[in-house]
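Q: Please take me through one part of this model closely. Start with the chain as a whole, then go in, and spell out the cut-offs as you use them.

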Amino acid sequence: MPAAHKLLLEEALQDSPQTRSLLSVFEEDAGTLTDYTNQLLQSMQRVYGAQSEMGLATEQLSSQLLEYEKQNFALGKGDEEVISTLQQFARTVGELNTLHSELASQMADRMIFPMIQFREKDLTEISTLREVFGIASDEHEAAMVKYSRLPKKKENEKVKAELVGEVAYSRRKQHQASMQYYCALNALQYRKRVAMLEPMLGYTQAQIHFYKKGMDLVSKKMDSFLVSVSSMTQSIQAQLDSEAEAMRLTQRELLSMEDTVYMPDRDSVPVNRTLIQKAGYLNIRNKTGLVTTAWDRLYFFTQGGNLMCQPRGAVAGGMVLDLDNSSVMAVECEDRRYCFQITSPSGKTSMILQAESKKEYEEWICTLNNISRQIYLTDNPEAVAIRLNQTAIQAVTPITSFERRGEGSPNPDRAKPGGVQSSSSAPEAEDLIVPGTPIQFDIMLPASEFQDQNRVGGRRTNPFGETDDDCSPESDDSLLQQVFAVRFLGSMAVRSGQTQEVIYEAIRQVLAARAIHNIFRTTESHLMVTSSCLRLIDPRTQVTRISFQLQEVTQFAAHQENGRLMGFVVEGRDWSEGTEEGEPSFSAFVFESNTEGEKICYTISLGKDIIEAKKDPKALAQLMKNMPLTNDGKFLLLDSETGDTANGGAPDEEESEA
């Protein structure tokens, strides 16, 4: 006899829509069984009560037995042996329908009573447990609604403890009720088979026992069949006893867990930041009017690159949002805890969700960020997620010695284009950059506001493209003018401008911040290096975003390992102290170029050499003699790498490879 379908007790606590959907199938099967049991019992009672019409009653019983195959049970798979046995019984009843005239007491004991006991005990128990389970589920939902409304700012420990206790009590009560309900439904799959076979076994045995007609032929024909049916029912009963014992042990084991399992925000398992799939209940904020909102608790799960939602009772979930290239960030919303917002790449679609605990809150944000990076499309997404997580951890781990970094670098002497070389004793990271220094990821503000934020001496640029006379291309007679295609990654204030290590540390912190906050989009710009200044130009409008005098650039260097990364330090004046000359201040700017950063550093170094050579005409002449020149008398350094964008093209935003 094949094993019967069963509900997993381990899934009772989670109470997911999948479990509820499977539970509805069992309930539908129980309802169908109840209807069929009532019909079968009516047929048996007619046999018992209408002895004078026994022939007709047994014929109807035979027909009713054949109807079991046509009931279309939702969990009917595995009942083939029961169906074939009932069909054999139906044929036997048809042959013996003339011999059932004096079997009232035997039929009452062996046929009517077991069926009535099955209906009144087992089926009634299922109905009662269903009502208890429904009440427990409603109480749990009400407790969760109260807990979800718990304020974050004005938190009352007494109220919180009461609500946590109420949630734990209602959740434990629902867990116990669901497991009892599941056990009863699982046992019903076995009792159903016994209840269908046992009455007919007693009925047939009573027929043979009380009718002494000398039907040796019929008796011999039935003996082996009845033995097989008896062994079948015993086998099913043994399976039921074994399954009941296993369910009892599982139930005891699950109920022996600590109370923290039922309490929200009491997770003992550490946060897993490498997930690429996630499922669970979340609260979603929905607008109910122009200014009113409502929160609904729904079951969310990820599938591929999509966020799915499945209401209770639904057979399948529906797509809510495409997560590819979307942004996920924590938000403050209506004084609720653990809220985060998902925004589509276009920014037109967004939703605010609330997690149940801090662990779920962090895992949901990490999982959605991993999916947003399209890790699931790789050959081994789990390994990629683990590697990215380790990279992010290493990126935000403070490096206390630049000497160790140089020892671990494959080419520590790669980026030494110019500037003051570092001393033998490498400074600490805290000596270079103040911990917690804010980082600006794009130059979007007017030049004056940008100078105030970064405290540097950059030139004020007119928004209509007009620049100062000292650095305008029309009036600039510098001997050097080279343009590089770059992408601005970020800038931040630093403590020192006299060592290259401050540039390396700024590059590390900027890249780490971009990785943590999922900022991958960058805009291409043109960096023009002349013998007097540095200018960052918008290739679409040819407007100078910001410019610096070359004398203000104190340090410049390319990254030691990634040659496409480079940065420079600019010295300015901080007038906030009230001194007449102002205190010196330094800011580091980080870029990613389409070519080697060493070429940009070499060009900057040459520009500073030209400035020094201008003080001595002989030195300037010697410098021009040693370098190739263009037709207009300027230094010939590199081929143009900006392409069509130098003519006013509009490059699209790109993702930084850094």
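**The open sheet and its surroundings**

A: Of the 658 residues in the chain, 47% are buried (under 20% relative accessible area; exposed is over 50%, partly exposed in between, with a 1.4 Å probe and protein chains only). The model is predicted, so local features need pLDDT of at least 70 and side-chain atom pairs pLDDT 80 or more, while totals for chains, interfaces and linings use all residues. Residues are numbered from 1 along each chain as its sequence is written, and side-chain values use heavy atoms, without hydrogens or water.

The chain holds 14 helices and 16 strands. These are DSSP runs numbered from the N terminus: helices are H or I with at least four residues, strands are E with at least two. Among contacts with a separation of 6 or more, 71% join residues 24 or more positions apart (contact: heavy atoms within 4.5 Å).

Now the sheet. Seven strands build it, and it is open. Their order is 12-11-10-8-15-14-13, with antiparallel pairing. Two strands pair if DSSP finds at least two bridges between them. Strand 12 (544–549) and strand 13 (553–558) are the edges. Each has a single partner strand, so one side of each lacks a neighbour in the sheet. From one strand to the next, the twist averages 30 degrees. Axes here are lines fitted to C-alpha atoms, for helices over the stretch in contact; angles run from 0 to 180 degrees between N-to-C directions.

Look at the edge formed by strand 12. Strand 11 (residues 533–537) runs antiparallel to strand 12, and five bridges join them. Cys533 faces Gln549 of strand 12.

Two helices pack on this sheet. Helix 12 (residues 501–516) touches strand 8 (481–494), strand 13, strand 14 (565–574) and strand 15 (583–593). The directions of helix 12 and strand 8 make about 80 degrees. Helix 13 (residues 597–613) touches strand 8, strand 10 (524–530), strand 11, strand 13, strand 14 and strand 15. Its direction makes about 150 degrees with that of strand 13.

Elsewhere in the chain, strand 6 (residues 339–343) is mostly covered, with four of its five residues buried. Strand 5 (residues 327–330) pairs with strand 6 in the antiparallel sense over four bridges. Ala330 has Phe340 of strand 6 as its bridge partner. Strand 7 (residues 350–354) also pairs antiparallel with strand 6, over five bridges. There, Cys339 is matched with Gln354. Six residues lie between the strands of the hairpin of strand 6 and strand 7, and Gly347 takes a positive phi near 80 degrees.

Last, a pocket. The second largest one has a volume of about 760 Å³. A pocket is an open set of points on a 1 Å grid over the protein atoms alone, where a 1.4 Å probe fits, with protein on both sides within 12 Å along at least five of seven lines; lining residues have an atom within 4 Å of a point. Grid points are joined across faces, edges and corners, and the volume is the space filled by probe spheres set on them. Of its 25 lining residues, Arg171, Val261, Asp267, Glu356 and Glu360 are closest to the centre. Strand 1 (279–287) is among the elements that supply at least two lining residues. Its three residues are the largest share.
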